[in-house]
Amino acid sequence: MPGRDTDPLVVRVEQRHTQARRDRLAADLALGRATEILAPLAALAAGEPLDEPLQALRIRALRAAGRSAEALAGYEEVRAALAGRLGTDPGPELRALHAELLTDTPPAPAPPAPPGRGRAVGLPARLTSFIGREDDLGTLAADWGARRLVTLTGPGGVGKTRLALEAAETYRDGPVHLAELASLREESTVLAAVLSAVGARETHVWHRAAVAATDPEDPFAELVEHCAGRRMLLVLDNCEHVVAAAAELAHVLLTRCPDVTVLATSREPLGVPGEAVRPLGPLPTGTALRLLGERGAAARAGFAVAEDPEAAEEVCRRLDGLPLAIELAAARLRLLSVRQIAERLDDRFRLLTSGARTVLPRQQTLRAVVDWSWDLLEQPERAVLRRLAVFSGGADLGAAEAVCADGADLAAAEAVSAEDGGAVEAVRTDGGAPEVLDLLGALVDKSLVVAGPGRDGEGMRFRLLETVAEYAGERLDESGERPAAERRHLTYYRELARTADPELRGSGQVAATALLEREHDNLRGALRTAVALGEEQEVLCLVHSLSWFWQLRHHQVDARTWAVEAGRLGPDPFQVPVRPAEPFDGRCTDVPPPWHGERLVEARRGGRLYALATQGGRGATSFEHPETRARLAALVSAYRPGLPQTCRQPAVMWYFARLMTGEFAGLGETLTAIVDACRDHAPGWDLAFALLMRAKLVVHGPHDATEALALFEAAGDSWGIAESLAARGEARERSGRLREAAADFERAADAAAHVGARSQVPLYTARLAAVRLRLHPEGDPAAEKLLAEAADAAGEWGAEVAGSARLLLTQHYGHTGRTGLARAQLTRLEVEFGDVTPGLFWGLAGGAWAWLDCLDGAYDRAVERLARAVAEVETLAHLVAPYLLVTQFATAAWALGGRAGPGDAETGARLLGAFDAQAGSGTDGGFRPFTPETEALIRARAEETLRAALTPEAYGRLHGEGTGLAARTAAELVRKEGAAPDERTFG
């Protein structure tokens, strides 16, 4: 009674109803019906976990049903609930019952109930155990009396019939009758089948009155006459192919026979007023594995899921948790291992063909299961279902309408799309979208399409189970529509990416990032289609549109893979002789393909530049390769100063190519040139990005970061705001303004969380925690805990993020005398690096290992580690961040002074001189392996050790000599002293 939950009269009525149910269950138990009342009693007891008399009744029923182990477990659940929530022990009744359970032998199972009320009539005996669906069974048992029509829906093979039979056993208010409709071919025969099921077909001695007894205008009169006044449950099994007749019959029974309850199974609802639809989904992973294990052991003695749990889980997952499919797979265990089954699931319809001979033909093979559903579809429904096979990861309504709508025909739509550049509107037809919406609804109702709300409330998404998707794909191939459907899919997602890209640099960034992440599988599918078709411009458009998204979300593999593919499809714009670039304003993707003239050439240049930027590799050897050097020279020659495109990605790489080929003296000069060009040609977002790069990579105080922050705030770019705050925090930390730095890092973490930059949140949090620890040198347990948590969270986000966070924690442990914990952090860091991590980061980790060795007095090992570290860092550091190499010189000076071998102190003094001359230039920022605190400690310990080994005159002279050493010469000294071996791992 809505709105009257607190009405005393309503409360009293509900209490009396509950008490009556309890009395009824207690009476049934006393009459020997323990097995039959377990499900409704469990449902009632679940709602009152602290009601001791009710829990005692349930435990007695379990004991009476011969399930003493479960009874003991039930007692323990009640005892734990009472102790945890009330702080008390079970009362005398429960304790006495527990004692009986411990001393008694399990009683024999209760005899079946006598014929009459509550007896299932004609329910077949089940030959296998019932696994899972306990919650569904409890819900159905609780529905009796509250719902008069319940329909179990779900895809073929999900277990609707088995659950209906199990639920029917819990019905206690009258006889149960089963009408099996699967074998019927005509809807006109449904009534006769139900009449037979309920026992209304009797043999009469013929006479005229009998002939006239049934009203010819009321075909249901005989059924109503039989059922009216009787209390019963009618199970209508497999209604989907005769759904109209089943619905009409159910409606008649509900309106004219008030004591009849109907439980139906169907792949779609009956659509009768008052119907309660109970959709069944796939089995959870744990339950699916239990089913595979039990059915597999029946097929092959000794089989257990534990023999290959990963393969078993893959089988269950790829079969969508459908019980029938899992049972068909289990039957194959007679011939194949579970691993072999998993490997063959790409051909599942040929593999899963060994169902039981005694079941219906449509349940004997996986293909037959889906064929049955397909055959029941109308032609428009089939068209939409097969076209949905081109999606990966589901689709929203707009995408489904664009790809699945009917035009004059799909082949004509494909031709139109190719001629006009494939605008989405070219393949949309008037009236198509509403039709697709209705057809999608029908397919959802028929359990062939899964519909569910997307994340963050962005609307409903539609997807196919993997088995249905494979079947629909085969039907799409048979229809000849795949090329046109894939063209529509490609066009739709190319436009989605192209129009979302500008939003990534403004106030729409959060929504656009979420959209592209949500549709990333479909975007990859569109790229695969474009590559397969050889559509260079389509691939280029997608690569340009997605490149910034890939950078923001750390999709490095995608960025590298698809940029290379784009380059393979068209001519190389950097082929000698290189055609000079012409001025090009805007972005190539401001308009959709087809492109012509300078836009097309610039798009090709951009594709090659994205590929060059993502080639990565360990160390800088890739940039030293002759082919790469030639590529850089060609890039330098393609552009010239004053071109507006060189202020934007990817053509801004022209400036870095000039640095790598020696045109610029260092990174600071390079970045200043970019900033100056942006002030002239791109004063908005691109200038903010240039200032941010200079703030992060070159020490310019907080001024660049502050200006970048203002520009990003004007654009509404949350990512840029977070990065600018972090850059300013680093500058303030270096200058000792720790409280202001902490405030910046805290704001940066909040901004990164807002935009969903999950990789940056732990990094900024780690920096915040490290600054708080510096603010409280006496100790700050909360800040240390925060730093440790941030380091663990950073581990999954790549070398720079993991390296920054773990090195901060390593230094904290080192400064507090816990070098063992510090080494453990470096070990975890090297595990997280992986094979594709650039050698620069391996070298920086090696320098941290050497610092810990110096703290522990293991100077020999420190010198060896530093030789390897310098070899890893050297080439790339010379080009973009010399400080990353120079910082190793101070640690090497300390290690050599401590080793105290012949000539070690002399070399160490020279290296410390080189460090002092080059580390204090104030031009290098960006990623710094050591905090200012650690740098100062290393510098002081190095000088202390060297002065102890040398006379003041010798130290002064050698240190002075070192100030004149070039970085490469000093690096050679470190490598020579350590005689670096080739091993990559430092720990």
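**Close-up 1. Strands β8 and β9 run antiparallel and are joined by four bridges.** The model shown here and in the other views is predicted. Strand β9 covers residues 460–463. Within this pairing, G452 has R461 of β9 as its bridge partner. The two strands belong to an open sheet of three strands, in the order β7-β9-β8, with antiparallel pairing. β7 (395–396) and β8 (450–453) each have a single partner strand and stand at the edges, so one side of each has no neighbour in the sheet.

**Close-up 2. Helix α2 has a kink of about 35 degrees centred on P40.** The helix comprises 13 residues, 34–46. At 1.5 Å a residue the expected span is 18 Å, and the end C-alpha atoms lie 17 Å apart, which agrees. P40 itself is among the buried residues of α2. The others are A34, E36, I37, L38, A39, L41, L44 and A45.

**Close-up 3. A salt bridge joins the side chains of D792 and R806.** The N to O distance is 3.3 Å. This pair links distant parts of the chain, with D792 in helix α38 (residues 781–794) and R806 in helix α39 (residues 799–815), 14 residues apart. D792 has 40% relative accessibility and therefore counts as partly exposed. R806, at 0% relative accessibility, counts as buried.

**Close-up 4. The side chains of D904 and R899 meet in a salt bridge.** Here the N to O distance is 2.7 Å. D904 counts as buried because its relative accessibility is 2%. R899 has 27% relative accessibility and counts as partly exposed. In the whole structure, a search finds 63 salt bridges.

**Close-up 5. E972 and R975 form a salt bridge within helix α47.** The closest N and O atoms of the two residues are 2.2 Å apart. Helix α47 covers residues 967–978, and E972 and R975 are three residues apart in it, so about one helical turn separates them. E972 is partly exposed, with a relative accessible area of 38%. R975 also counts as partly exposed, at 23% relative accessibility. Elsewhere, R823, D853, D856, R861 and R865 are joined into one network by salt bridges that share partners.

**Close-up 6. Y492 and Y493 form one of the 13 aromatic pairs.** The arrangement of the two rings is edge-to-face, with 80 degrees between the planes. Their centres are 5.0 Å apart. Y492 has 16% relative accessibility; the limit for a buried residue is under 20%, so Y492 counts as buried. Y493 is likewise buried, at 0% relative accessibility.

**Close-up 7. W548, W685, F689, F712 and W719 form a cluster linked by ring pairs.** One member, W685, also has R505 over its face. R505 lies 5.4 Å from the centre of that ring.

**Close-up 8. The charged end of R658 sits over the ring of W654.** The distance from the charged end of R658 to the ring centre of W654 is 4.4 Å.

Definitions and conventions:
Residues numbered from 1 in each chain as written. Predicted model: local features only at pLDDT ≥ 70, side-chain atom pairs only at ≥ 80, totals over all residues. Heavy atoms only, no water. Expected span 1.5 Å × (residues − 1). Bend = angle between axes of the 7 residues up to and from the residue. Buried < 20%, exposed > 50% of the residue type's maximum accessible area, 1.4 Å probe, protein only. Pairing = 2+ DSSP bridges. Salt bridge = Lys/Arg side-chain N within 4 Å of Asp/Glu carboxyl O. Phe/Tyr/Trp six-rings, centres within 6.5 Å; stacked < 30°, edge-to-face > 60°. Lys NZ or Arg CZ within 6 Å of the ring centre and 35° of its normal.
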